[in-house]
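Me: I have a structure here that I would like to go through with you. Could we take the contacts, the strands and the backbone in turn?

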Amino acid sequence: MKWLILTGLLLGGQALAQQPQTLLEPPYFAPQVEQGELPPLSQRLPQTPLVDSFETLPGRSLGLSGGTINLLMGKAKDVRQLVVYGYARLVGFNESMQLQADILQDYQVEEGRIFTLHLRPGHRWSDGAPFTSEDFRYFWESMANNEELYPFGPPNKLLVEGKPPIFEVLDRHTVRYSWHRPNPEFLLALAGPRPLYIYRPSHYMKQFHPDYADPDELADKVAKAKTKKKSWVALHQRKDHQYKFDNPDLPTLQPWMPVTKPPAERFHFVRNPYYHRLDTQGNQLPYLDELIVDIASGKLVPAKTGSGESDLQGRYLSLDDYTFLHEGASRNHVDVMLWRTSRGSRMSLYPNLNAVDPVWQPLLRDVRFRRALSLAVNRYEINQVIFFGLALEGADSLLPESPLFKPQYRSRWAEFDLVQANALMDQLGLTERDPRGIRLLPDGRPMEIIIQSAGGSTEESDILELIHDSWMQIGVKIHTKPTEREVFRNRIFAGEALMSVWTGLPNAIPSSDMSPAELAPTTQQQLQWSQWGKHYETGQGEAPVLPEAQRLLELNNAWRQATNAEQRTQIWQQMLDIYSDQVYSIGTVARVLQPIVIRSDLRNVPAEGLWNWEPNSYFGVYRPDRFWLDPALSTTTNTQEAN
């Protein structure tokens with residue numbers, strides 16, 4: 001892993017640079033500094049701040065501090081996207097998808113199981129309190145191992161074979177986690193869009209914990225708390241929302257910090273005075289002083305964006321909106337770019353191998369049936385009719401941007417071939433049909449499949465309509481049943497659903513150092529084998545019975561024990577080979593273009609990028625703390641408005 005850090009530094013994107021000789025106080029904080037309300041920048045930064053030489057990246061430039069931008073979100077809870085976008089992590093991905101220290105000054109990994117984390121001396125929370133190893137100790141000892149806060153023990157991501165690490169505080173700025181076996185997913189979890197938080201602002205949280213707080217004061221806080229249950233646990237949990245980002249009193253390490261208390265329709269975020277990153281000229285990041293998030297119905301976001309109400313928008317937009325957005329771009333002084341999405345498939349179908357129907361279950365578990373369904377999907381038609389021929393057709397697999405990509409994985413069982421599809425159906429003994437041409441199941445029922453949907457978009461409905469027409473040609477009729485997401489998942493978990501529709505592989509651009517767990521039954525959330533995944537997670541549910549699924553689990557466990565990149569690459573390739581050959585999910589098209597709308601004077605937003613939750617964290621890997629408003633372009637905009 002140390003090699004990965006050094007590689008990341010050489011490739012730029014939060015690259016290590018020499019600390020600037022001069023520090024430039026952001027004008028936003030100058031009045032507070034002059035009045036003695038805030039220490040000068042030299043006293044707010046860590047002893048060794050992260051100096052980000054992003055200007056070495058194509059299309060990026062050093063910027064100026066100042067300004068406010070507006071964003072739109074569909075729900076109040078989506079303010080948590082500011083944590084996703086802000087992307088301050090202990091370790092994080094750069095644009096080359098390599099891990100490097102961020103909040104941490106450095107880290108070492110020994111034998112893949114011993115992780116020593118070095119904090120930046122002098123680093124402070126947003127309220128000025130020191131960020132030290134005490135914040136890690138508090139989480140581990142007073143939270144993760146407190147039976148009232150964590151009745152089931154520490155988070156699963158901190159367990160290896162069900163066993164927690166040995167946690168050590170080595171000094172004020174150094175902690176160590178040691179597992180009995182390698183834990184290659186630990187750093188990945190720290191770098192995620194919803195990161196694993198292994199620290200807390202202990203100076204703030206202790207006032208809500210009985211081990212530290214005055215009993216009378218804590219009892220008073222509990223009595224006044226707006227929680228359903230009047231207990232210290234409920235109060236502690238309510239205040240401890242690092243990811244939800246809805247408690248303005250909770251100190252943060254993110255580039256911006258919340259000011260507005262919910263409920264609200266407009267949320268205000270201001271720059272963190274103690275943020276740990278600088279540019280090479282000595283400007284403290286972020287460049288932008290404030291962010292305003294307005295809440296609107298998700299269905300209205302495209303229209304509001306098109307009328308100029310958002311300065312940075314990707315969420316809630318789709319390719320269908322591009323023409324409308326582009327037509328209004330000049331009038332609204334915005335630029336509309338097209339990034340690529342990086343899931344394995346824009347929309348995939350998931351045959352439920354854990355369906356309880358005694359007739360359907362063996363059929364869904366027969367690879368010939370899944371292959372026949374995949375061969376009967378006309379991906380070329382889907383691409384041309386819905387995505388203007390701009391998407392990448394194929395199975396639900398990796399994209400060419402991944403170093404693990406092989407073309408055969410995307411093309412396997414993904415060519416439109418009704419002759420072969422019908423032949424496979426005949427091999428299954430499904431030769432009888434009703435007057436409509438629908439094949440009959442062994443018990444005489446027509447082969448009609450209800451596809452469970454979480455209330456998808458018009459795009460999803462259009463894709464399913466095209467699949468309906470092509471599957472009719474092999475004697476299979478489908479119906480779509482939209483439901484709320486909770487109902488949708490419960491039907492799958494209970495085995496009531498025969499098939500469901502969702503997006504494809506969450507991360508289709510992995511390296512061998514990223515986990516292949518999505519290719520194996522490792523979690524109940526996987527729609528094709530939820531009970532097998534539940535068994536892996538909890539020991540409950542059903543263990544996999546298909547040899548190929550069992551082999552995927554074996555390989556996934558072998559990846560966790562691998563000691564070098566060559567071994568991990570070989571394991572990935574074996575898993576990709578099995579997954580694509582067995583057609584556990586039926587992909588359609590990928591690399592669908594995603595409209596990204598930005599204010600015309602907003603600089604350092606890449607013209608081309610990848611838009612995805614994992615591992616990109618949407619805007620996160622492109623570091624919005626680098627985005628800045630260019631006065632020269634603002635002048636042009638103002639002149640246009642005056643005319």
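**Salt bridges and other features**

Reply: To begin with charged pairs in this predicted model, Arg568 forms a salt bridge with Asp513, and their closest N and O atoms are 2.9 Å apart. The two residues come from distant parts of the chain, 55 residues apart: Arg568 belongs to helix 22 (residues 565-582), while Asp513 is in the loop between strand 19 (499-502) and helix 20 (530-538).

Me: Are Arg568 and Asp513 buried or exposed?

Reply: Both Arg568 and Asp513 are buried.

Me: How many salt bridges does a search of the whole structure find?

Reply: The search finds 37 salt bridges. One of them pairs Arg315 with Asp78, with 3.4 Å between the closest N and O atoms. Arg315 is in the loop between strand 13 (312-313) and helix 11 (322-327), and Asp78 is in the loop between strand 2 and helix 4 (81-86), so this salt bridge ties together parts that are 237 residues apart in sequence. Both Arg315 and Asp78 are buried.

Me: And what does Asp311 pair with?

Reply: Asp311 forms a salt bridge with Arg599, where the closest N and O atoms are 3.6 Å apart. This pair also links distant parts of the chain, 288 residues apart, with Asp311 in the loop between helix 10 (301-306) and strand 13, and Arg599 in strand 21 (residues 593-599).

Me: Why does Asp311 count as buried, and what about Arg599?

Reply: Asp311 counts as buried because its relative accessibility is 9%, and the cut-off for buried is under 20%. Arg599 has a relative accessible area of 23% and is therefore partly exposed.

Me: Which strand does strand 21 pair with?

Reply: Strand 21 is joined to strand 14 (residues 334-341) by seven bridges, and the two run antiparallel. Within that pairing, Val336 stands opposite Val597 of strand 21. Strand 14 also pairs with strand 23 (residues 610-611), in the parallel sense and over two bridges. There, Thr341 has Trp611 in strand 23 as its bridge partner.

Me: New topic: what is the strand order in the open sheet of four strands?

Reply: The order is 2-12-10-9, and the pairing is mixed. Strand 2 (68-73) and strand 9 (256-258) are the edge strands, each pairing on one side only. From one strand to the next, the twist averages 25°.

Me: In which sense do strand 9 and strand 10 pair?

Reply: Strand 9 and strand 10 (residues 266-271) are antiparallel, with three bridges between them. Met257 has Val270 in strand 10 as its bridge partner.

Me: What sort of peptide bond runs from Pro262 to Pro263, and where does Pro263 lie?

Reply: The bond from Pro262 to Pro263 is cis, with omega near 5°. Pro263 lies in the loop between strand 9 and strand 10. Another cis peptide bond joins Glu614 and Pro615, where omega is about 0°. Pro615 is in the loop between strand 23 and strand 24 (628-629).

Me: What is the phi of Arg623?

Reply: Arg623 has a positive phi, near 55°, although it is a residue other than glycine. Most residues other than glycine have a negative phi. Arg623 lies in the loop between strand 23 and strand 24, and it counts as buried because its relative accessibility is 1%. Glu161 also has a positive phi, of about 55°, and is not a glycine. Glu161 is in the loop between helix 5 (133-144) and strand 7 (166-171), and at 54% relative accessibility it counts as exposed.

Me: Now the aromatics. How many aromatic pairs does the search find?

Reply: The search of the whole structure finds 31 aromatic pairs. The rings of Tyr197 and Tyr199 have centres 5.9 Å apart and planes at 80°, so this pair is edge-to-face. Both Tyr197 and Tyr199 are buried.

Me: Which residues do ring pairs link into a cluster?

Reply: The cluster consists of Tyr85, Trp339, Trp611, Trp613, Tyr618, Phe619 and Tyr622. Trp611 is also the bridge partner of Thr341.

Me: Last one: what sits over the ring of Trp502?

Reply: The charged end of Arg489 sits over that ring, 5.0 Å from its centre.

Notes. Residues numbered from 1 in each chain as written. Predicted model: local features only at pLDDT ≥ 70, side-chain atom pairs only at ≥ 80, totals over all residues. Heavy atoms only, no water. Pairing = 2+ DSSP bridges. Axes fitted to C-alpha atoms, helices over the stretch in contact; angles between N-to-C directions. Salt bridge = Lys/Arg side-chain N within 4 Å of Asp/Glu carboxyl O. Buried < 20%, exposed > 50% of the residue type's maximum accessible area, 1.4 Å probe, protein only. Phe/Tyr/Trp six-rings, centres within 6.5 Å; stacked < 30°, edge-to-face > 60°. Lys NZ or Arg CZ within 6 Å of the ring centre and 35° of its normal.
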